Amino acid sequence: TEGRELYREMVERAQRDHELKIAAEIQHALLPASQYVGKAFEVAATSVPCRAIGGDFFDYYHLPREGFAFVLGDVAGKGPAAALLASLLQGIFTANAYRDGTPAGFVTLANDALVRRAVEARFATAIYATLDRRGRLTYCNAGHNPPFLVSRNGVRRLDWGGMIVGAFEHAVFEEDTQQLWPGDVLVAYSDGVTEARDPSGDEFGEERLLSCVQENCTRSPGEIRDCLLSAVRQFSAGTAQSDD
């Protein structure tokens with residue numbers, strides 16, 4: 001009897017592992033290509049979950065009249081529950097991206113949808129932005145880590161927007177517009193980067209992130225992304241990844 005019970009537990013564990021593997025493949029397939037070259041800009045992105053599946057997501061959309069939009073979100077928590085909610089939010093943004101609207105309006109729609117479902121203790125941070133053919137970036141930051149805009153005029157943190165998504169029924173979201181110029185670098189990230197820890201417990205932090213970007217800002221977006229990921233891995237060497 002004991003042997004049968006042990007065998008049954010092994011079979012169930014193997015089935016769960018297989019299901020998680022399938023879920024991870026599906027979650028990865030829902031993400032867009034890691035690199036994209038537009039008419040006057042280039043995008044490089046990646047997502048590195050700390051478990052098989054995670055609560056971070058990103059997506060981007062090709063809009064009419066040479067427009068472009070992207071969203072980056074981070075659902076509270078980890079594992080299957082966070083991954084399900086991340087997929088829900090990604091679907092909400094994708095379903096509305098091609099409608100007439102604004103970044104603040106789309107974040108409001110996502111907030112309303114999440115509040116209606118009343119998933120206990122589940123919320124997310126997100127930043128949604130559009131870029132037009134004149135180089136104007138309009139964004140709404142809903143409680144997310146402020147992206148860095150590194151330009152010839154210095155460094156700006158894109159922190160305008162509002163509260164986290166899904167926590168408050170009547171939350172108000174606003175947006176801001178920044179003019180981008182040739183050579184500008186925009187870095188959007190989640191707290192898995194800045195809160196990565198080294199063996200002594202120190203966090204990678206915003207200063208290291210910004211320093212890494214500034215040292216490599218003349219390189220391609222893909223190279224900047226790879227340099228940043230490499231810097232985080234070297235900093236946290238010997239420490240298990242604790243966040244997406």
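Hi everyone, let me start with Tyr128, which is buried at a relative accessible area of 0%; buried here means under 20% relative accessible area, exposed over 50% and partly exposed in between, with a 1.4 Å probe and protein chains only. Before I go on, this is a predicted model: local features need pLDDT of at least 70, side-chain atom pairs count only at pLDDT 80 or more, and totals for chains, interfaces and linings use all residues. Residues are numbered from 1 along each chain as its sequence is written, and side-chain values use heavy atoms, leaving out hydrogens and water.

Back to the rings. Rings of Phe, Tyr and Trp (its six-membered ring) pair if their centres lie within 6.5 Å; planes under 30 degrees apart are stacked, over 60 edge-to-face, and the rest tilted. That rule gives twelve aromatic pairs. In one of them, Tyr128 is stacked with Tyr61, at 6.5 Å centre to centre and 20° between the planes. Tyr61 sits in strand β3 (residues 56–63) and Tyr128 in strand β5 (residues 124–131), so this pair ties together parts 67 residues apart in sequence. Strands (E, at least two residues) and helices (H or I, at least four) are DSSP runs, numbered from the N terminus. Tyr61 is buried too, with a relative accessible area of 1%. Both tyrosines belong to one aromatic cluster with Phe57, Phe93, Tyr98 and Phe106.

Phe93 brings us to helix α2 (residues 79–96), where Phe93 is among the buried residues, including Leu85, Leu89 and Ile92. This helix has 18 residues and reaches 26 Å from its first C-alpha to its last, close to the 26 Å expected; that expected span is 1.5 Å times one less than the number of residues.

Now, where is Asp244 placed? Look in the segment after α6 (221–235). Asp244 is buried, with a relative accessible area of 8%. Beyond its neighbours within four places in sequence, Asp244 is in contact (heavy atoms within 4.5 Å) with residues including Val48, Arg51, Ser190 and Gly192. A polar atom of the Asp244 side chain lies 2.9 Å from the backbone nitrogen of Cys50, and one lies 2.7 Å from the backbone nitrogen of Gly55.

Finally, for anyone wondering about cysteines: how many disulfides does a search of the whole structure find? Zero, taking a disulfide as a pair of cysteine sulfur atoms within 2.5 Å. For Cys227, the closest cysteine sulfur is in Cys212, 5.9 Å away, which is too far for a bond. Cys140, meanwhile, counts as buried because its relative accessibility is 0%. Thanks for listening!

Technical notes. A polar contact is a pair of N or O atoms within 3.5 Å; within protein, one must be able to donate a hydrogen and the other to accept it, and residues adjacent in sequence count only if both atoms are side-chain atoms.
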